[in-house]
Each structure stands twice: as C-alpha cells, then as structure tokens.
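Got the viewer open? Let's walk through this one a selection at a time.

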2 protein chains.
Amino acid sequence: MSNRPTSPLNPRERILMGPGPSTVPARILRALAAPTLGHLDPQFIEYMDDTCQLIRDAYQTKNLLSFPVSGTGMAGMETIIANLIEPADEAIVCINGVFGGRMKDNLQRCGATVHAIEVPWGETFSNEAIAEAVEKHPNAKMLGIVHAETSTGAHQDLSGLAEIVHDAGMLLAVDAVTSLGGHELKVDEWGIDAIYSGTQKCLSCPPGLSPVSFSDRALERMDQRKTKVQSWYLDVSMLKNYYTGSGGRAYHHTAPINMIYALRESLAIVMEEGLENRIARHREMHLLLREGLEDLGFTYIPKQSLCTLNCVALPDGVDDAGIRGRLLSEYDIEIGGGLGVFAGKAWRIGLMGHSATKRNINTLLAALSDVM
Amino acid sequence: MSNRPTSPLNPRERILMGPGPSTVPARILRALAAPTLGHLDPQFIEYMDDTCQLIRDAYQTKNLLSFPVSGTGMAGMETIIANLIEPADEAIVCINGVFGGRMKDNLQRCGATVHAIEVPWGETFSNEAIAEAVEKHPNAKMLGIVHAETSTGAHQDLSGLAEIVHDAGMLLAVDAVTSLGGHELKVDEWGIDAIYSGTQKCLSCPPGLSPVSFSDRALERMDQRKTKVQSWYLDVSMLKNYYTGSGGRAYHHTAPINMIYALRESLAIVMEEGLENRIARHREMHLLLREGLEDLGFTYIPKQSLCTLNCVALPDGVDDAGIRGRLLSEYDIEIGGGLGVFAGKAWRIGLMGHSATKRNINTLLAALSDVM
C-alpha cells in the first residue's frame, strides 16, 4: 500500500474544442457541487422530475419515458438497443462512421441479426437508400441511424425517414450525442421512437449521464418482450417506476445525484437561451470557424457538415500530433484528432454549447496561425 | 415545450445517515467542481492513474486491473458478472438479502445456471455451508457473496473462503459496496478474484462510479472467453487499455471526468486518515450508536452487524414512515427504512465515511428522543 500523499487536484482551465467534453461553465460546476441529497429525498425527486421534463423540452417531445441513464452516451446507446431488441430479432443499421459501427456491435451482442447499409465515411444516407434497405429486410424490428456522426462530422437529415420505417412496422432509433442542444432535433415531429445523447457535448455539462427518450410505440414493443432485458442495470421495465413515478418511486439503483444537479442546470441554461437561438448560434459560429479554417487551407470532409463538430482534412505537411500537442501545451486549447480511417488525416474541432463563442474561435484561429 | 423558468437549485444540507449516499464533505464537492478536462488530456490521464492506484490501495491489492466503472455500484456488479460468466456457465450465489438476490438475477441474465444457497435475511454463511455447496456443484465457475449486505446490515466473514472456492477451480466474487473504506477488506490476502463497490457509501463521494478490481486468475478467465461480453459498455477487454495504459489509451467511452476528480479526492482522504484508523473509527462510532439505540428500545437484527450500516428492528408502536418523515422535515436527518422482507419493520442507519461522527450520532439520538 502506498502512503505517498496524493498531489492537490489542480486541472488546467482548458478551452475544450475537441469532440467532447466541451467547456463546462462555472454555473454548471457550481450546481454540480451543491450538497448531496438522498436519491429518495422528496426534494431530489423534484429535481429529477424537473430534469426529465427539461429532457422532454430539449428533445421537443411529449414522451413520458424521457430520463437520464446513469452512464455516459454509450450507455444510452446500449439502453436503447438492449431494451428494444430480443435475441434473433433482425435490425437494420446505417454505418457511415464509428458510431454506426458501434450500434452494429451492440445489436449483435444483444443477439440480433444485423443488416448493415454503408456509405463512405463523411457521407450521409438518402431516404431512397434507406427505403431500399427497409424493403429488402422487411422482418427487421428496428432501424438505427446516427444524426450527428462524431467521428466524421456528417449531419444526417432525418426528415421523412419515420414514414418509411414505420410503414414497414419498424422502430426508428437515433444517436443524437453530438446534436442535442446544438442542432434542430424534433423527436415527436420526426417520429423518432428511441433516442440517446450525452451530457458533455452541446449541453456543456460534465460527462456521466445519457438523456434518452422512448415513444409510446417503443414502450409497446418493450411491453411485448418475451425475454428479460440482458442488462439488469439498464432494464427500462425496472427503471421506469423511478423516473416516471408510476407505481411509487421504487429503488433500483442510486441515481448519480450531483450529476443530475448539473444536467438540470445545463438544460435550464439551454431553455433560457431558447432552443432556436441556441441552434442559430451554433450555425453562426460554425460559419465563422469555417471561413477561418478554409483560409488556413483546411477543407471540410463531409458535404453535409455538422455545425457542432467540424471535421476537416489537414493541409499537406501539417504535423497532426505535433500541432495538437502545441495547442494544448502552449495555448491550453484542446481539439480532436481523426478517428478510425481519418486517424492522422483529419482534425475534429468542436463548437458545442458553452465552447461555441466568437472568442474561442478567434483564439483558436490565432493560435493555429502562430503554430502552423 | 415549457417556457417556465427552472427554480434555482438549492438542496437542503441534510445529515445523510441512511444506507447511502453518505454526507459528502466540502473538500470532495470542491474537487467535483474543478474545471473539466478532456478524457485523453495527459493531465487527466495522470489523475486517472492516481485514482486506479488509490483504488488498489483501498482494496489492499496489487491487482493491475483496478479501476472505476462509469456507473453506480450496480454497474460494478454487472461488470464483474458479465465479464466472468459465459452463457451456460454454472455459478453459486449466496443469498441472505436483496443484493445476493440481485447477483442471481444478473447471473441469469448472462445465461448462467445459478445454484443459490440461502440463509434467512440478517444471517451470514458459515464456511462449512459454502464448502458443502461447492462440493455439490463442482462445475460452477464462480461463487458470489456479499461482504456487507446493505439490506440487512449483516457482515459476512470472508476469511478462509478463498481456499474452498479456489480448490474447486472457481473464482470468488464479492460485493463490497457498503464495506470499502469502512471495514477491513484485504483483497489479496483474502484471495478475492473480483470485487466491486460504490462511491457514495464509506468513501463519502457522490454516487456515480463503482471501483472494481480483478485478480490475475480472473484476467485469465476473461482471456479464455469464447463469447463476446454481452455488454459493450462494460466489456473489460476493451476498457482495460484505457485504464491500464496497455496498448495506448484507446478511446472507448468518455470517462465521467468530474466524478473521477471527486473519487480521487475521496480516496486521498481515506489514505490520509489511514485505513486502520478509519476502520477503527467506524467501529467506535458503531458501538456508540448501538448503545444509544438499544437504550431507546431498538434491537439489532443481524448477529454479525456491520459497523457501517445498522439495521435495527423497530420497538412496538413506532410509526416507521411518520418518524422518518419528521426526522427529515424537522431535523434534516435522513435514515433508511427497511428493504424487502424488512419493509415497515426495520430501519437502516448508516455510519459511513464522513457521516460517521459523534456529532451526528448525538444529533440523531437526541432527535429520536424528541420525536418518539
């Protein structure tokens, strides 16, 4: 056993412009540090109810079953899939980056037969291509698609998709990790049946929770299950009592109390700014950054780029790790490297939530001009 | 969409003496609120390494694979079971309360055939009873047992158990949610192969993480798996690169950065106090509370009581919910009701970490004298 004293905690105040986490504002950090309540304390239950309502508001949904999963965004993905899929079910998944691939892996671990449709990284899917896949695999129970591919910066248009998927009797499941609170996202209007996100992206809350929402159609599917959900921790049939209050507030697991405080505060900030204003701000900041990056010789990889995550190819001769290292060590600015097939060839620059400001963009562009 | 403003966050400063969370000291809340770093930031990686080393120290183990699971204690249970059990494996589980029962449920969801041995709630298992079960089910791959049953307050003696379990070629898996940092717990000396705990009990950190540790024997078992772990989020074969640094710090999921700050701080506090001193304090406080409760007519349910959780039968005529409600609303003191078969008949009074003080005990006993 070591008896060495642990050094004092003193994290540097980085500007976080990578693929997440984004910079957390002081107001959310203060909420995080409020006194811890018990998870069955009536006051905490009120805060949890507020949080669930704010999740509904941010997703633009009336779905009763909207709540924060007690894990990060990937736990949200697993919650959706493990609860909606039973062994031997078929599912369609659209893969154009890392996270579509992870959906496939998750589906297979739940025993599903997966029909993957793929386009090159950085591209997005047309409704025609999806309609074709749906027609080809009529027994699929679910179609999974990524709204905002954090690995490529591609922005998937979801309009008109639900009709295709629902007409075939399937559920529409969506990854919105990098879009919630930064891009237009209308769960009810777009007919999304199951959706998950993360707290550390456009909500600018620390990582640790995953806001999810399920439609009535998804609830029916879960009620008809013949097998138990393979994950105890993520089993919605047990979780829903605690989050919706139906049948009392049965204890399942201890909710991450202080993280709920922070998420509630971050969603309150989103609503104070107003969803439309916030989305407009992300768009405006994206255009500003884009102009600066293109002036420096960077080119955007996706045709349909996210505003919240800017994935750009490096100009010839740029030292990927070297320059990112200098941005971090000399300027306290974090940006992200490429993931998967883009490793070493692309950067991912986040403009999410509290990080999406003119000040940060100017600071980054000036630093880049210095070091390149 | 609601446009009502969210009320300011203002949680009451409760004295938390229930089954968890315990009261979180200001120093840990301050650590929680430190500026958020990226999960691949070299400074954060150092903090994570510190945290893993402190987890080893607290568990008194040299196990390399010791890390905080990104979920609460129940996610730790699922991590242990999902990684060590494959479909059609047999397992033995010792049930003397809620959490042994949950182990069984988790094992079954992983496809195991479960042999449960049971004693009445509040009692503990003799090594003879366990040896008999091991002999009866020689094909079992694992024996699961709860060190500190949070539902009954029973304290399971684990000495001598590993020999029985290992001689039969099985792994020993232990629930230490309510004992880590409050009771003697010697993972290496006691031959424990897999163990999980929670942050919100005797570490007095907010809930949200689960410190786990795996022995080399457990690692070998995982390396020999023929099937993928059914949970992507909790798959140790992918997680271990990030936490141990072997094969680079591959991105798996975004670690809950600020919760790691808080856990690191809470474990540093444990080590500053010293494990032996801390355990002695929990014992001393338990004896003090016990004397006071017995004077008031309460009787301890388990023969082998935990120091950290005091499960007592209510004297005749005591209004369970009414008095607990008054303690909370008039005195800002939280204690826990009975769980499962003890609902309405017992209280669970926690003396964990920062909550285990003479001041809190006197305050609680005085309040109880007032309201009873």
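Start with the cysteines: there are zero disulfides over all chains, a disulfide being a pair of cysteine sulfur atoms within 2.5 Å. Select C94(A), which is in no disulfide; the nearest cysteine sulfur belongs to C110(A) and is 18 Å away. C94(A) is also buried, at a relative accessible area of 1%. (Buried means under 20% relative accessible area, exposed over 50%, and partly exposed in between, using a 1.4 Å probe and protein chains only.)

Now hop to C110(B). Its closest cysteine sulfur sits in C110(A), and because the gap is 12 Å, that is too far for a bond. C110(B) counts as buried as well, with 5% relative accessibility.

A quick word on what you have loaded: this is a predicted model, in which local features need pLDDT of at least 70 and side-chain atom pairs count only at pLDDT 80 or more, while totals for chains, interfaces and linings use all residues. Residues are numbered from 1 along each chain as its sequence is written, chains are lettered from A and ligands numbered from 1 in the order in which they are written, and side-chain values use heavy atoms, with hydrogens and water left out.

Zoom out and show chain A as a cartoon. You'll find twelve helices and twelve strands; these are DSSP runs numbered from the N terminus, helices being H or I of at least four residues and strands E of at least two. The C-alpha trace spans about 60 × 55 × 50 Å along its principal axes. Of the 372 residues in chain A, 66% count as buried. For contacts in chain A with a separation of 6 or more, 72% come from residues 24 or more positions apart, where contact means heavy atoms within 4.5 Å.

Next, select S197(A), in the loop between β7 (194–196) and β8 (210–214) of chain A. At 0% relative accessibility, S197(A) counts as buried. Beyond its neighbours within four places in sequence, S197(A) is in contact with several residues, including Y59(A), G73(A), A176(A) and L209(A).

Stay in chain A and go to V24(A), in the loop between β1 (15–17) and α1 (26–32). V24(A) is buried at 8% relative accessibility. Which residues does V24(A) contact, leaving aside neighbours within four places in sequence? They are L29(A), S204(A), C205(A), P206(A), H354(A) and T36(B), so display chain B too. Then draw a C-alpha to C-alpha distance from V24(A) to S355(A): they are 331 residues apart in sequence and 8.1 Å apart in space.

Over in chain B, pick M352(B), in the loop between β12 and α12 (358–371). Is M352(B) buried or exposed? Buried, with a relative accessible area of 1%. Not counting residues up to four places away in sequence, M352(B) touches a list of residues, among them G18(B), T178(B), C202(B), H282(B) and L309(B). The C-alpha atoms of M352(B) and R281(B) are separated by 10.0 Å, with their positions 71 residues apart along the chain.

Last stop: V341(B), in the loop between β11 (333–337) and β12 (346–350) of chain B. V341(B) counts as partly exposed, at 48% relative accessibility. Add L327(B) to the selection: V341(B) and L327(B) are 14 residues apart in sequence, and their C-alpha atoms are 23 Å apart in space.
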